[in-house]
Every structure is written in C-alpha cells, then in structure tokens.
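Visitor: Could you walk me through this model, one step at a time?

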Amino acid sequence: MSTDTTDETAGGAAGHRSYRQVLTGNPRLAVLLAGYVISSVGDGILLIALPLLAIRHHGQLSAPVAVGLVMTAPYVLSTVLALSIGLGRLRLPTRAVVITDSALRTVLFTVVGLAAMADRIDIRFLVVALLLGSVLHQTASSSRRLVATGMAGKGELFTVNGLLGFANSLALYVVGPAVGGAVTVAFGADVAVLLEALSFLLLFGAVALVVPPQPRAPRAERSTESGWRILRLRPVAARLFFVVFFFNLSYMPVEVALPVLVNGDLHGDGNTLGIIWTAFGAGALIGGALTGFLRKLHQQAVLVAVIALWGGSVVLLALAPSGPVAMCAFALGGLIYAPFTPIAYTFVQSELPPHEQQPVITLWTTGSTLAAPIGLPLSGPLVSALGARGGLLLSAAFTLVLVPFAAKGLLGPRRVA
C-alpha cells in the first residue's frame with residue numbers, strides 16, 4: 001500500500017462544500033462548533049490572564065520561570081493520560097471525555113478565580129490547581145475533533161478541519177486575547193479567569209444538548225492496537241508526527257518570551273499583550289479562511305513552507321522595536337501558521353478507519369502538545385538567561401534548523417509499506 005498520500009488524501013478525498021454549506025446542512029454540528037468557539041474564547045482569555053497571574057504571584061521565582069511553570073502545569077497529568085490512550089489500549093468515549101473535561105475546567109477556574117479575588121493564591125496553589133484540573137484536557141482536545149468530524153462524515157474532513165482551524169483562530173487568538181486584555185486591565189486577571197470557567201460551562205451544555213450518547217462499537221470494530229503501531233504502518237504520517245513535535249517544541253520559547261517582552265522592552269501591559277495576540281489571531285483568521293484554496297497543492301510541501309516562513313516571522317517579532325511592529329510581525333505569523341493544523345490532521349485522518357482514529361489522533365494531539373511540558377519549563381531559564389529577544393531568536397533558529405529535516409522526511413521518495 002502506498003503511503004505517499006499527497007493531493008488525493010488531503011484534498012481529493014475531502015468534500016468541496018463551503019463552511020456555510022456544511023453548517024447550514026448540519027445544525028447540530030453548528031451548535032457544537034458554537035460551543036467550541038465559546039470555550040476557545042475562554043482559552044484565549046487565559047493566554048493573557050495566566051501569565052499575568054504568574055508574574056503577579058511569582059514569589060521567590062523569577063517571572064519567566066513562574067510563567068513557564070504555570071503554562072506547563074496543565075499539560076503534565078493530561079499528557080500521562082493521553083499517552084496511555086495513544087500508546088496503549090485504553091479507550092474512552094469521546095462524548096463523555098468532552099463533557100467531563102468541561103465540567104472539571106468549570107470547577108477549576110471558578111476556584112482559581114475566586115481564590116485570586118480573595119488574594120488567597122500563590123504560585124504553588126496556581127500550579128497544583130492547573131495540574132489537577134486539566135487532567136483530561138489533552139484527551140478532550142482530540143475528542144472534540146473526533147466528535148466534530150464524526151458528525152460531519154469522512155467526505156468532509158478537509159472542510160471540517162479547516163472550519164475548526166478557522167473558528168479556533170477567531171476565538172482563541174482574536175476574540176479571546178482582546179477580551180482577556182480588556183478585562184484584565186479593567187477588572188483584573190481574576191475576573192478573566194472566571195470567564196474561562198463560564199465558557200466551559202456553556203461548552204458542557206452544548207455537547208450534552210446536541211451530541212447523542214455513543215453506542216458501544218462492535219468488538220470487531222474496536223482497535224486493539226496502540227496508536228503508535230497503527231501510525232508506524234504509514235511512514236509518511238509517522239515522520240510528520242515527529243516534524244509536528246519538533247515544530248511545536250521550537251515554538252515554546254515564544255509563549256514565555258512574549259509576555260516578558262511586552263512587560264519589559266515594549267513597556268506594555270495586559271491590554272498590549274492582548275492586542276498582539278489578537279493581531280496573531282487576525283492573521284490566523286485570514287489564513288484559516290484561505291486554507292481551502294490550498295486543497296489542490298502538494299500538502300507536505302505546504303507544511304514545510306509553513307515551518308520555514310513561521311521561523312522568519314519569529315525573527316521579525318524578536319527584532320520589533322515597538323508594540324505596533326510586534327503586532328504586525330505576529331499577525332504575519334498567524335497568517336502563515338493557520339493552514340498547518342487543518343492540513344496535518346486531514347492528512348492523518350483521511351488514512352484511518354473510524355475505529356483507529358481515537359488512539360492515533362489522541363497520540364497525535366499528545367505528541368503535538370507534549371512539546372509544551374518539555375519546552376515551557378526549559379524556556380523559562382533560557383529566557384531568563386538570554387532575555388525576551390534572545391529567547392525569540394533562539395526559537396526562530398530552532399525552527400529554521402528543522403526545515404531541511406522536515407523537507408527530507410516529508411518530500412522524499414515514495415515508500416511502499
């Protein structure tokens with residue numbers, strides 16, 4: 001079986017309906033995606049609120065190290081659980097995972113927000129709360145995608161994955177940071193955290209309302225193989241897995257360095273950070289809207305080009321002399337990055353039967369996000385040592401070094417398995 005799927009896998013097998021046609025033809029999917037958008041707005045608010053809480057309550061730690069720890073904590077236990085699914089035989093109902101994670105995050109951020117309002121919070125409390133309250137979040141991330149693509153059908157994988165990327169860009173990087181910046185300046189980071197809790201309460205309601213309980217799959221259709229074993233049978237997809245991991249790993253210094261850069265060299269505040277993230281989201285929104293036009297291009301070549309161009313945009317961000325220039329550089333980065341995730345997920349999902357998707361997509365999502373608990377704690381000391389601009393330049397250098405390896409792994413000769 002040839003595993004060098006290019007145009008046909010990511011594009012030809014996908015449907016050609018527009019975003020509007022998909023949503024109007026499937027009202028339940030529209031409601032579900034509305035819930036996803038609202039919860040992503042909440043996560044976008046956290047991009048502003050959590051680093052500012054960490055900086056405010058860093059105690060004896062340096063501010064970059066505190067930000068690194070706070071941004072790492074949600075990934076630790078959730079990575080352990082997700083790996084047990086991706087590398088083992090544990091299977092969890094996707095609907096139940098999304099509902100339970102939504103309830104857990106509602107409770108978590110209500111507690112954190114109220115504790116911050118009462119000034120009963122320190123860096124240890126914040127890290128432990130995020131550690132425990134996010135245990136299902138990585139598994140829920142892959143489950144949300146599987147629930148949505150399952151409601152639409154395999155023929156519309158490219159369209160639905162593109163729609164998820166478009167909605168995520170709008171909510172996570174445009175609306176969320178703008179709201180987060182405004183709320184933290186006007187009312188404080190504690191109120192912003194409470195909005196995250198509310199957003200996941202609304203997601204809980206949307207999933208419970210429109211996604212029916214899933215019948216247990218017949219034994220013959222249950223995957224007993226690990227996600228890694230399934231992925232190994234598709235060499236190009238397996239190589240892409242490692243490319244995505246190292247791409248995300250090279251990005252991690254950006255999350256630590258950006259709030260430090262804004263609060264330091266750029267003399268900004270939470271509102272400035274929110275505007276810069278919103279600029280990224282505006283670029284990603286345009287890139288997401290244009291993703292469908294890339295359907296007929298060689299998909300692996302597009303992924304390699306995105307990696308190279310993203311590295312260049314981070315160089316521009318590192319050299320930005322002012323907030324407006326940083327905003328433009330990050331907007332360019334969002335435009336460049338937006339097609340990457342929809343294309344990568346469509347490439348993988350299009351090769352898998354439904355019963356193999358949970359272990360592989362959970363492993364894939366975990367591999368992508370595993371870069372965070374590895375890269376963020378390392379980024380804190382690096383940014384402390386090199387400064388915010390030095391940390392950004394290091395991130396860009398790692399990204400650009402990855403380009404020739406990605407090209408060799410994804411654009412090499414066909415292999416038959």
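**Charged pairs, contacts and spaces**

Visitor: What does Asp265 count as at 45% relative accessibility?
Guide: Keep in mind that this is a predicted model. Asp265 has a relative accessibility of 45%. Buried means under 20%, and exposed means over 50%. The value for Asp265 lies in between, so the residue counts as partly exposed.

Visitor: Which residue forms a salt bridge with Asp265?
Guide: Side chains of opposite charge can pair when their charged atoms come close. Here the closest N and O atoms are 3.1 Å apart. The limit for a salt bridge is 4 Å. The partner of Asp265 is Arg389.

Visitor: How many residues apart in sequence are the parts that Arg389 and Asp265 tie together?
Guide: Arg389 lies in helix 17, which covers residues 371-411. Asp265 sits in the loop between helix 11 (235-263) and helix 12 (270-290). Those places are far from one another in the numbering, so the pair ties together parts whose separation in sequence is 124 residues.

Visitor: What is the relative accessible area of Arg389?
Guide: Arg389 is partly exposed. Its partner Asp265 is partly exposed too. For Arg389, the relative accessible area is 24%.

Visitor: How many salt bridges does the count come to?
Guide: Arg389 and Asp265 make one of them. Asp43 and Arg105 make another, at 3.4 Å from N to O. Arg105 and Glu196 also meet, at 3.1 Å from N to O. The count comes to 4.

Visitor: Which residues are linked in a network of salt bridges?
Guide: Look at Arg105. Its side chain meets that of Asp43 in a salt bridge, and it meets that of Glu196 in a salt bridge as well. Arg105 takes part in both bridges, so the linked residues are Asp43, Arg105 and Glu196.

Visitor: How many residues apart are Arg105 and Glu196?
Guide: Their side chains meet in a salt bridge. Arg105 is in helix 5, while Glu196 is in helix 9 (residues 189-210). The pair links distant parts of the chain, and the separation is 91 residues.

Visitor: Is Arg105 buried or exposed?
Guide: The relative accessible area of Arg105 is 4%. Under 20% means buried. Asp43, at 18%, is buried, and so is Glu196. With its 4%, Arg105 is therefore buried.

Visitor: Which residue has its backbone oxygen 2.5 Å from a polar atom of the side chain of Ser395?
Guide: Ser395 is found in helix 17. It is buried, with a relative accessible area of 0%. Among the residues it touches are Tyr251, Pro253, Val254 and Val314. The backbone oxygen at 2.5 Å belongs to Ser250.

Visitor: Which helix gives the most to the lining of the second largest pocket?
Guide: This pocket has a volume of about 220 Å³. Its lining includes Phe246, Leu249, Ser250 and Pro253, along with Phe398 and Phe405. Helix 11 and helix 17 each supply at least two lining residues. With 8 residues, the top contributor is helix 17.

Visitor: How many nonpolar residues are in the lining of the second largest pocket?
Guide: Sort the lining by class. There are no charged residues. There are 3 polar ones. The nonpolar number is 9.

Visitor: What volume does the second largest cavity have?
Guide: Rolling a probe the size of a water molecule over the atoms shows where empty space is left. The count comes to 2 cavities of 30 Å³ or more. The second largest of them has a volume of about 40 Å³.

Visitor: Which elements give two or more residues to the lining of the second largest cavity?
Guide: Its lining is Leu47, Pro51, Met71, Glu255, Pro259 and Trp277. By class, that is 5 nonpolar, no polar and 1 charged. The elements that give two or more of the lining residues are helix 3 and helix 11.

Visitor: Which residues is Ser143 in contact with, leaving aside its neighbours within four places in sequence?
Guide: Ser143 is found in helix 7, residues 137-152. At 0% relative accessibility, it counts as buried. Leaving those neighbours aside, its contacts are Thr94, Val97 and Val98.

Note on methods:
Residues are numbered from 1 along each chain as its sequence is written. This is a predicted model: local features need pLDDT of at least 70, side-chain atom pairs count only at pLDDT 80 or more; totals for chains, interfaces and linings use all residues. Side-chain values use heavy atoms; hydrogens and water are left out. Buried means under 20% relative accessible area, exposed over 50%, partly exposed in between (1.4 Å probe, protein chains only). Helices (H or I, at least four residues) and strands (E, at least two) are DSSP runs, numbered from the N terminus. A polar contact is a pair of N or O atoms within 3.5 Å; within protein, one must be able to donate a hydrogen and the other to accept it, and residues adjacent in sequence count only if both atoms are side-chain atoms. Contact means heavy atoms within 4.5 Å. On a 1 Å grid over the protein atoms alone, a cavity is a set of points where a 1.4 Å probe fits but cannot get out, and a pocket is an open set with protein on both sides within 12 Å along at least five of seven lines; lining residues have an atom within 4 Å of a point. Grid points are joined across faces, edges and corners, and a volume is the space filled by probe spheres set on the points. Ala, Val, Leu, Ile, Met, Phe, Trp, Tyr, Cys and Pro count as nonpolar, Asp, Glu, Lys and Arg as charged, and the others, Gly among them, as polar.
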